[in-house]
Amino acid sequence: MSNEKPLSEFQILPATPEMLPDILLLEEACFSSPWTRKMLETELMGNQFAHFLVALRQGQSALKATSAIVAYHCFWIVFEELRLMNLAVRESMRRQGIGKALVREAFHFALDQAATRAVLEVRASNEPARSLYTTMGFVQVGKRPQYYTNPMEDAVLMEMNPLVMPSGRLNAPTCCAGGESTSTDSP
Ligand SMILES: CC(C)(COP(=O)(O)OP(=O)(O)OC[C@H]1O[C@@H](n2cnc3c(N)ncnc32)[C@H](O)[C@@H]1OP(=O)(O)O)[C@@H](O)C(=O)NCCC(=O)NCCS
């Protein structure tokens, strides 16, 4: 797996509607049952609980250089609960800390809003994602049999309760200036 750029050359910003086509391409490249454009649109523009971040190559304009998008993360903050909804990093850019940096940013948002726990669901076979979440302090709390399709697979439920910022190397790139998506319905 090639490392195109060191993490320091990336920044995390709120997603904008102009980024949707590139986020959709990333989504389709990363998942066997990807979210549709409509679902992404809904998260970005119609769901009051949703926050949508992208990781961009540093120095690129967020509006003009959408091809610079190398990762995205959608999460909800529903009162006291942070829900990690979707996270994807371009394959050639993995294992550089970008996924972790995006989840850390979600933690910042959630803690700022007084969230006290975090939850997520992940495919049982998704070792990279499970490893990432475990590294960050999530623990398995349950299973949902045959929850996913294409292929049919169990979901593992993971939780961090109480929600705390993981210790260790803070290797996040330049980070978003507090912006967030204004969104509509749930997926
Ligand atoms: C899961 C995913 C988001 C991880 O993103 P990433 O940027 O590569 O992750 P990071 O570089 O931040 O990894 C942080 C830690 O997670 C763990 N990890 C990440 N990928 C791993 C892998 N392939 N194997 C084992 N552990 C892994 C490691 O502990 C890693 O730390 P290290 O690199 O210092 O060992 C990425 O693999 C991806 O986009 N996968 C496809 C989409 C997906 O499955 N999304 C998750 C849906 S729940």
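Reader: In this model, which residue is the bridge partner of E81 in β5?

Author: The bridge partner of E81 in β5 is R117, and I should say at once that the model is predicted. That pair belongs to the connection between strand β4, residues 81-89, and strand β5, residues 117-123, which run parallel and are joined by 4 bridges.

Reader: What should I note about the packing of helix α1 on the sheet?

Author: Helix α1, residues 20-30, touches β2 (50-57), β3 (69-78) and β4, and its direction makes about 90° with that of β3. Helix α4, residues 127-136, also packs on the sheet, where it touches β5 and β7 (153-160), with a direction at about 165° to that of β5.

Reader: In what order do the strands of the sheet lie, and with what kind of pairing?

Author: The sheet is open and has 7 strands, in the order β1-β2-β3-β4-β5-β7-β6, with mixed pairing. Its edges are formed by β1 (10-14) and β6 (139-148), each of which pairs on one side only, and from one strand to the next the twist averages 25°.

Reader: How do the elements of the protein chain run from the N terminus on?

Author: The secondary structure comes to 4 helices and 7 strands, and read from the N terminus the elements follow the pattern β-α-α-β-β-β-α-β-α-β-β. Among contacts between residues at least 6 apart in sequence, 70% join residues at least 24 apart, while buried residues make up 34% of the 187 residues in the protein chain.

Reader: How can I read the two faces of a strand, and which side chains of β5 point to the buried face?

Author: The general idea is that in a regular strand the side chains alternate between the two faces of the sheet. Along β5 this alternation places A118, L120 and V122 on one face, where they are buried, whereas R117, V119, E121 and R123 point to the other face and are not buried.

Reader: How should I read a helix, taking α3 as the case, and which of its residues are buried?

Author: In general, an α-helix has 3.6 residues a turn, so residues three or four places apart point the same way. In α3 the buried residues are I98, G99, K100, A101, L102, V103, E105, A106, F107 and A110, and the buried residues of this helix pack against β1, β2, β3, β4, β5 and α4.

Reader: Why does the length of α3 agree with what its 15 residues should span?

Author: The reasoning is that, at 1.5 Å a residue, the 15 residues of α3 should span 21 Å, and because its end C-alpha atoms are 21 Å apart, the two values agree. After α3 comes A114, whose phi is positive, near 70°.

Reader: Which residues come nearest to the ligand?

Author: Of the 19 residues around the ligand, R94, G99, K100, P128 and S131 come nearest. The elements β4, α3 (98-112) and α4 each supply at least two residues of the shell, and α4 gives the largest share, with 6 residues. By character, the shell divides into 9 nonpolar, 6 polar and 4 charged residues.

Reader: Turning to the backbone, where is F79 placed, and is F79 buried or exposed?

Author: F79 is in the loop between β3 and β4, and its phi is near 55°, a positive value in a residue other than glycine. F79 counts as exposed because 9 other C-beta atoms lie within 10 Å, and the cut-off for an exposed residue is 12 or fewer.

Reader: What is the phi of N150, and is N150 buried or exposed?

Author: N150 has a positive phi of about 55° although it is not a glycine, and N150 is found in the loop between β6 and β7. With 9 C-beta neighbours inside 10 Å, N150 is therefore exposed.

Reader: Is the peptide bond from N150 to P151 cis or trans?

Author: The bond from N150 to P151 is cis, with omega near -5°, and P151 lies in the loop between β6 and β7. The peptide bond from N161 to P162 is also cis, with omega near 10°, and P162 is found in the segment after β7.

Note on methods:
Residues numbered from 1 in each chain as written. Predicted model: local features only at pLDDT ≥ 70, side-chain atom pairs only at ≥ 80, totals over all residues. Pairing = 2+ DSSP bridges. Axes fitted to C-alpha atoms, helices over the stretch in contact; angles between N-to-C directions. Contact = placed C-beta atoms within 7 Å. Near = placed C-beta within 6 Å. Nonpolar A, V, L, I, M, F, W, Y, C, P; charged D, E, K, R; others polar. Expected span 1.5 Å × (residues − 1). Buried ≥ 20, exposed ≤ 12 C-beta atoms within 10 Å, placed from the backbone.
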